[in-house]
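This report covers one protein chain, from its overall make-up down to a single loop residue. The sequence and structure are shown first.

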Amino acid sequence: MSDLTDDEGTCLDIAANGGMLMAIGRWEAPVKSLVAKGFLRPDIGDSPCHHLTEKGRKAHEGYEAGTDAALTTF
């Protein structure tokens, strides 16, 4: 599939579908990891929200393709 954790994949899926993410609670570690990988970027200004980058969109597409392939092996 990819080197993303399930939580990172979930975060990318949320962002790819227009959701905004904050690095709090359960999502703190995956959001910070995705920012470090260049897949998410912090919002401009004082907002705590993060958004998908183009690199993140490509990573999401790869994660989705891997997940779809894994589901078809049953």
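The text below deals with the fold, the strand pairing and the surroundings of one residue.

The coordinates are those of a predicted model. The protein contains three helices and three strands, and read from the N terminus the order of these elements is α-β-α-β-β-α. The C-alpha trace extends about 45 × 25 × 20 Å along its principal axes. The radius of gyration of the protein is 12 Å, which agrees with the value near 11 Å for a compact globule of 74 residues.

Of the 74 residues, 30% count as buried. The exposed area of the protein is about 4,600 Å², and 56% of that area comes from carbon and sulfur atoms. Among contacts with a separation of 6 or more, 47% are made by residues 24 or more positions apart. The charged side chains comprise 7 positive and 12 negative ones, with the centres of the two sets 5 Å apart.

The pairing of the strands is set out in the table.

| Strand pair | Sense | Bridges |
|---|---|---|
| Strand 1 and strand 3 (residues 49-52) | antiparallel | two bridges |
| Strand 2 (residues 40-42) and strand 3 | antiparallel | three bridges |

Strand 3 thus appears in both rows. On the side of strand 1, L21 has H50 of strand 3 as its bridge partner. On the side of strand 2, R41 stands opposite H51 of strand 3. Strand 2 and strand 3 also form a hairpin, with six residues between them. Within that turn, G45 has a positive phi of about 90°.

The remaining point concerns A23. This residue lies in the loop between strand 1 (21-22) and helix 2 (28-37). Is A23 buried, exposed or partly exposed? Its relative accessibility is 22%, so A23 counts as partly exposed, given that buried means under 20% and exposed over 50%.

Which residues does A23 touch, leaving aside those up to four places away in sequence? They are E28, V31, K32, P48 and H50. Of these, H50 is also the bridge partner of L21. By contrast, E61 is 38 residues from A23 along the chain, and the C-alpha atoms of A23 and E61 are separated by 22 Å.

Terms used. Residues are numbered from 1 along each chain as its sequence is written. This is a predicted model: local features need pLDDT of at least 70, side-chain atom pairs count only at pLDDT 80 or more; totals for chains, interfaces and linings use all residues. Side-chain values use heavy atoms; hydrogens and water are left out. Helices (H or I, at least four residues) and strands (E, at least two) are DSSP runs, numbered from the N terminus. The radius of gyration is taken over C-alpha atoms; the globule rule is 2.2 Å times the number of residues to the power 0.38. Buried means under 20% relative accessible area, exposed over 50%, partly exposed in between (1.4 Å probe, protein chains only). Contact means heavy atoms within 4.5 Å. Accessible areas come from the Shrake-Rupley method with a 1.4 Å probe; for residues, only the protein chains shown count as cover. Lys and Arg count as positive and Asp and Glu as negative; His and the chain ends are not counted. The place of a charge is taken as NZ of Lys, CZ of Arg, CG of Asp or CD of Glu. Two strands pair if DSSP finds at least two bridges between them.
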